Amino acid sequence: MTNSRERKQKCESPLASTICRWQHVGKSELLSWISSYIGEKIRNFHQLHDAFHFCQALNLAYNKKFPMSKIMRNAPHSYERQKNFLVIQNFFHQKGTVRFRVFSN
């Protein structure tokens, strides 16, 4: 169990402090943020289930270098949604982000 001092120390790095700030954000604020970032209205979390909007955000963050042509929008089947998340995983692997893992190969 962590005490308040340990929790405060965990939030001292820039990335950790960003994560700590987002821990207290509600669903509506999070949906509003991603909607404004990608420029498309997202009304509920169900719209995020196929990873398409996450891919749009990555495409913007990485200057249009994300392979959007490999992503299926409104993927109706779980294996198609899994494929979308694997594209994200492979993209992060190519960029050298080793701690991101959605599915094991």
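This report describes the fold of a single chain, the setting of its helix 4 and a nonpolar patch on its surface.

The model is predicted. Its secondary structure comes to 5 helices and 0 strands, which read along the sequence as α-α-α-α-α. Of the 105 residues in the chain, 27% count as buried, and the chain exposes about 8,000 Å², of which carbon and sulfur atoms supply 54%. Among contacts between residues at least 6 apart in sequence, 25% join residues that are at least 24 apart.

Helix 4, which spans residues 52-61, is mostly covered, with 7 of its 10 residues buried. Those buried residues are Phe-52, His-53, Cys-55, Gln-56, Ala-57, Leu-58 and Asn-59, and they pack against two other helices, namely helix 3 and helix 5. After helix 4 comes Asn-63, whose phi is positive, near 50°.

The helices named in this packing are listed below.

| Helix | Residues |
|---|---|
| Helix 3 | residues 27-38 |
| Helix 4 | residues 52-61 |
| Helix 5 | residues 78-95 |

On the surface, Leu-30, Trp-33, Tyr-37, Phe-45 and Leu-60 make a nonpolar patch of about 430 Å², to which helix 3 gives the most, with 3 residues. Leu-30, one of the patch residues, lies in helix 3. Leu-30 counts as partly exposed because its relative accessibility is 34%, a value that falls between the cut-offs of under 20% for buried and over 50% for exposed. Helix 3 thus appears both as a packing partner for the buried residues of helix 4 and as a contributor to the nonpolar patch.

Technical notes
Residues numbered from 1 in each chain as written. Predicted model: local features only at pLDDT ≥ 70, side-chain atom pairs only at ≥ 80, totals over all residues. Heavy atoms only, no water. Buried < 20%, exposed > 50% of the residue type's maximum accessible area, 1.4 Å probe, protein only. Helix = DSSP H or I, 4+ residues; strand = E, 2+ residues; numbered from the N terminus. Contact = heavy atoms within 4.5 Å. Patch = residues over 30% accessible without salt bridge, like charges linked within 9 Å, V, L, I, M, F, W, Y side chains within 5 Å. Areas by Shrake-Rupley, 256 points an atom, 1.4 Å probe, with all protein chains shown as cover. Salt bridge = Lys/Arg side-chain N within 4 Å of Asp/Glu carboxyl O.
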